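Trainee: I'm new to this one. Can we go through it together?
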Amino acid sequence: MGNRVSREDFEWVYTDQPHASRRQEILAKYPEIKSLMKPDSNLIWIVILMVLTQFVAFYLVKDLDWKWVLFWAYAFGSCINHSMTLAIHEVSHNSAFGQCKPMWNRWFGIFANLPIGVPYSVSFKRYHMDHHRYLGGDGVDVDIPTDFEGWFFCTTFRKFIWVILQPLFYAFRPLFINPKPISYLEIINTVIQITFDVAIYYVLGIKSLVYMLAATLLGLGLHPISGHFIAEHYMFLKGHETYSYYGPLNLLTFNVGYRNEHHDFPNIPGKSLPLVRKIAAEYYESLPHYNSWIKVLYDFVMDDTISPYSRVKRHQKGSVVLE
C-alpha cells in the first residue's frame, strides 16, 4: 500500500510566512521593482476578447450533436473558462483598473464571470485575500483541503477522483472551513449570472448552456491547466511550501505559474512577474519549481506519500481580520 500520508503528517508551523521577509529583502536591494506595481490595461482588452470568443462559441455549438458539444467544451471551452478564472484572479488583485478604482475591478470581474456560468468572481475575491494574508491559516485559508478530503482521498484511485472533482471542492469548501455572511455584491453577482444563464438557454438552447457549464467543470477538473491548483502549495519537497511553474501554459494563464513571485508581490500584475524573477534572479533560481503541470498531476495521483494532507497549516498569531 505504500507510505500514505496521514493526519499526523500535516506540517504545522507557527512562524511567519516566508514571502513577507523575502519581499522586504528584495525591495531593499531592488527598489525599482516598485515601478511594476501598476495596473495592466491590456488585461481589460484580453478579457473582453475572451468573453466575446465564448459568446461566439455558444452560438456555434447550439446545433451540434451532443458528442461534439462535449468535445468542444473540453478541447476549447475548458481552456477559455479556466483562463477566465485566472483573469478574475488578476482582477481580484485590482490589476485591471488599479488600486484606486476597486469597484471598477469588482464590476469588471462580474462581467468576466459571465462565460463561466456560475457566480464566482466576488466570492473568490473575498476568500483569496485571506489566502494571501493568512497563507495556510487553519480555519481561514480555504485553499487548504478539509480533514475529510485528506482522510478519504488517500489512494491512487481516490486521488484521481479528487482531481476530477476539484471544482466542486473549491466551491463548497468555504462553507465548511470559513463561512462568511453573503455580501450585497455576491447577491448582484449571482442575479446577473443566473439572468445571463437563463438568457443563453432561451436564446440559444440547452446545448449552449451545457457547453458553458461543462467547459467550466471539465476545465477546472482533470485538465492540464488544473495542475496549477496542486503545483502551487502542495509540499512535494519537505520545507518548501510554494512552488513556481515556468512552462508554456503561463501564456494562457496570465503567468499564474509564477507563484513565489506572486505571493511575494501580489500587487504586481501577472504580466510583470517574469520581470520580478529576472531582476531578483538570485532569490528565485535556487527555489524548486516545475516545468510541467501534467507531471504534477501524475505525480500527485501516483505518489503514495502525497495527498490532500500535504499542505503547510499555520496557527494564527494575534487577531484575524477577514473581509
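Mentor: We will take helix 5, the cores, the aromatic rings and a few single residues in turn. Keep in mind that the model is predicted.

Trainee: OK, helix 5. How many residues does helix 5 have, and how far does it reach?
Mentor: Helix 5 covers residues 121-133, which is 13 residues. From its first C-alpha to its last it reaches 19 Å, close to the 18 Å expected at 1.5 Å a residue.

Trainee: Is helix 5 mostly covered or mostly uncovered?
Mentor: Mostly covered: 10 of its 13 residues are buried. Among them are Ser121, Val122, Tyr127 and Met129. Lys125, Arg126 and Asp130 are also buried, as are His128, His131 and His132.

Trainee: Which helices do those buried residues pack against?
Mentor: The buried residues of helix 5 pack against helix 3 (66-92), helix 4 (102-113), helix 8 (166-177), helix 9 (184-204), helix 11 (227-233) and helix 12 (259-264).

Trainee: Next, the nonpolar part. How many residues are in the largest nonpolar core?
Mentor: It has 35 residues. Those with the most contacts inside it are Val47, Met84, Trp162, Val163, Ile230 and Phe300. Two or more residues each come from helix 2 (41-60), helix 3, helix 4, helix 7 (156-164), helix 11 and helix 15 (293-302).

Trainee: Pick one of those. What is Val163 in contact with, beyond its neighbours in sequence?
Mentor: Leaving aside residues within four places in sequence, Val163 is in contact with Gly221, Leu222, Ile230, Leu297, Phe300 and Val301. Apart from the largest core lies another, of 15 residues, including Ile26, Tyr246, Tyr283 and Tyr284.

Trainee: Changing topic: aromatics. How many aromatic pairs are there?
Mentor: The structure holds 26. One of them is Phe97 with Trp104, whose ring centres are 5.4 Å apart.

Trainee: Why is the pair of Phe97 and Trp104 called edge-to-face?
Mentor: Because their planes are at 70 degrees, and an angle over 60 counts as edge-to-face. Phe97 itself is partly exposed, at 22% relative accessibility.

Trainee: Got a stacked one too?
Mentor: Tyr245 and Trp293 form a stacked pair, 3.9 Å centre to centre with 20 degrees between the planes. Tyr245 is in strand 2 and Trp293 in helix 15, 48 residues apart, so this pair links distant parts of the chain. Both Tyr245 and Trp293 are buried.

Trainee: And which residues form the aromatic cluster?
Mentor: Phe148, Trp151, Phe152, Phe153, Trp162, Phe169, Tyr234 and Phe300 form one cluster. Trp162 and Phe300 also appear among the residues with the most contacts inside the largest core.

Trainee: Trp293 came up just now. What does His228 touch?
Mentor: Not counting residues up to four places away in sequence, His228 touches His82, Leu86, Val256 and Trp293. His228 is found in helix 11 and is buried, at 4% relative accessibility.

Trainee: Now a loop residue. Where does Thr242 lie, and is Thr242 buried or exposed?
Mentor: Thr242 lies in the loop between helix 11 and strand 2 (244-245). Its relative accessible area is 8%, so Thr242 is buried.

Trainee: Which side chains make polar contacts with Thr242?
Mentor: The side chain of His19 does, at 3.1 Å, and so does that of His233, at 3.2 Å. Setting aside residues up to four places away in sequence, Thr242 also touches Leu135, Glu232, Arg259 and Asn260.

Trainee: What about the backbone: which residues have a positive phi without being glycine?
Mentor: Phe254 is one, with phi near 55 degrees, and Asn255 is another, at about 60 degrees. Most residues other than glycine have a negative phi. Phe254 lies in the loop between strand 2 and helix 12, and Asn255 has its place there as well. Phe254 is buried at 15% relative accessibility, and Asn255 is buried at 13%.

Trainee: Last one, cysteines. How many disulfides does a search of the whole structure find?
Mentor: It finds 0. As for single cysteines, Cys79 counts as partly exposed at 25% relative accessibility, while Cys100 is exposed, with a relative accessible area of 68%.

Note on methods. Residues are numbered from 1 along each chain as its sequence is written. This is a predicted model: local features need pLDDT of at least 70, side-chain atom pairs count only at pLDDT 80 or more; totals for chains, interfaces and linings use all residues. Side-chain values use heavy atoms; hydrogens and water are left out. A disulfide is a pair of cysteine sulfur atoms within 2.5 Å. Buried means under 20% relative accessible area, exposed over 50%, partly exposed in between (1.4 Å probe, protein chains only). Helices (H or I, at least four residues) and strands (E, at least two) are DSSP runs, numbered from the N terminus. The expected span of a helix is 1.5 Å times one less than its number of residues. Contact means heavy atoms within 4.5 Å. A nonpolar core is a set of buried Ala, Val, Leu, Ile, Met, Phe, Trp, Tyr and Cys residues joined through side-chain atoms within 4.5 Å. A polar contact is a pair of N or O atoms within 3.5 Å; within protein, one must be able to donate a hydrogen and the other to accept it, and residues adjacent in sequence count only if both atoms are side-chain atoms. Rings of Phe, Tyr and Trp (its six-membered ring) pair if their centres lie within 6.5 Å; planes under 30 degrees apart count as stacked, over 60 as edge-to-face and the rest as tilted.
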